[in-house]
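Let us work through a few short exercises together, one step at a time. Keep the sequence and the 3D view open while you read.

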Amino acid sequence: MTVDGYVKLRTNSKFRFKCTRKANCCRGGPNVSLTVFDVIRIAKYLGKHWSEIIPTYVKVIIADVVPFLALRGIRNECVFLRKGENGYECEIYPVRPMRCRLYPLIPSAPGSDVVYLDPKCPGVGSGPEREVPKETLEKYYEEVRIHYKLIMEKILEKGLEPREALEEVLDELWEEVKVEAPEGLPP
């Protein structure tokens, strides 16, 4: 166990997990960080422009000169959490953020062979043994790299304010998605 209570795993490790649909992961914050790619996927799925979802669903936090994106919460629950017939459901499940796709695993630094397992998740330790989803983890790390590279280039090289840099990156990605995938969801 680490200081923060997570279990340290290597990416070639296996762990037991079966989702209990209790939605503990969707409560207590939320504190799910987003990339610009998550925002674009969510906006497309909801049939809205990215700028329409930020005030309602996404919190933008400027820390020093770095803009951070996180899902908003309502009464300490994710804004997309709904009570369904079979337990709790995610309103945007097909395009849920990469961090949600990986849970109960918590990624560490891109390029690291370490992830963390949240033992507080009620499904940890039960169900089938599974491998760390390396493909999803690598996709997440790649999106994080591109996210910060694009935004920080605009801040540090173009001299844009953090919010302006974020909005410019989102506008550019939105235009790419409209050209590449007018009928479907962005990759």
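A polar contact is a pair of N or O atoms within 3.5 Å; within protein, one atom must be able to donate a hydrogen and the other to accept it, and residues adjacent in sequence count only if both atoms are side-chain atoms. This is a predicted model, where local features need pLDDT of at least 70 and side-chain atom pairs count only at pLDDT 80 or more, while totals for chains, interfaces and linings use all residues. Residues are numbered from 1 along each chain as its sequence is written, and side-chain values use heavy atoms, with hydrogens and water left out.

**Exercise 1. Describe the surroundings of S108.**

Step 1: Find the place. S108 is in the loop between β10 and β11; strands (E, at least two residues) and helices (H or I, at least four) are DSSP runs, numbered from the N terminus.

Step 2: Look for polar contacts. A polar atom of the S108 side chain lies 2.5 Å from the backbone oxygen of V114. The side chains of S108 and S112 are also joined, by a polar contact of 3.2 Å.

Step 3: List the contacts (heavy atoms within 4.5 Å). Leaving aside residues up to four places away in sequence, S108 touches V114, Y116 and Y141.

Step 4: Decide on exposure. Buried means under 20% relative accessible area, exposed over 50%, and partly exposed in between, using a 1.4 Å probe and protein chains only. With a relative accessible area of 23%, S108 is partly exposed.

**Exercise 2. Work out how the sheet with β1 is built.**

Step 1: Recall the principle. Strands of a sheet pair through backbone hydrogen bonds, either parallel or antiparallel. Two strands count as paired if DSSP finds at least two bridges between them.

Step 2: Read the order. The open sheet has 3 strands in the order β1-β11-β10, with antiparallel pairing. Since β1 (7-10) and β10 (105-107) stand at the edges with a single partner strand each, one side of each has no neighbour in the sheet.

Step 3: Zoom in on one pair. β1 and β11 (residues 114-117) are joined over 4 bridges in the antiparallel sense. Within this pairing, L9 has V115 in β11 as its bridge partner.

**Exercise 3. Classify the ring pair of Y57 and F80.**

Step 1: Set the rule. Rings of Phe, Tyr and Trp (its six-membered ring) pair if their centres lie within 6.5 Å; planes under 30 degrees apart count as stacked, over 60 as edge-to-face and the rest as tilted. By this rule there are 3 aromatic pairs.

Step 2: Apply it. The ring centres of Y57 and F80 are 4.6 Å apart and the planes are at 20°, so this pair is stacked.

Step 3: Place the partners. Y57 lies in helix α2 (residues 50-57) and F80 in the loop between β7 (77-78) and β8 (81-84), so the pair ties together parts 23 residues apart in sequence. Both Y57 and F80 are buried.

**Exercise 4. Which backbone features do P104 and R75 show?**

Step 1: Start with P104, which is in the loop between α3 (98-102) and β10. The peptide bond from Y103 to P104 is cis, with omega near 20°.

Step 2: Turn to R75, in the loop between β6 (73-74) and β7. R75 has a positive phi of about 50° although it is not a glycine. R75 is exposed, with a relative accessible area of 75%.
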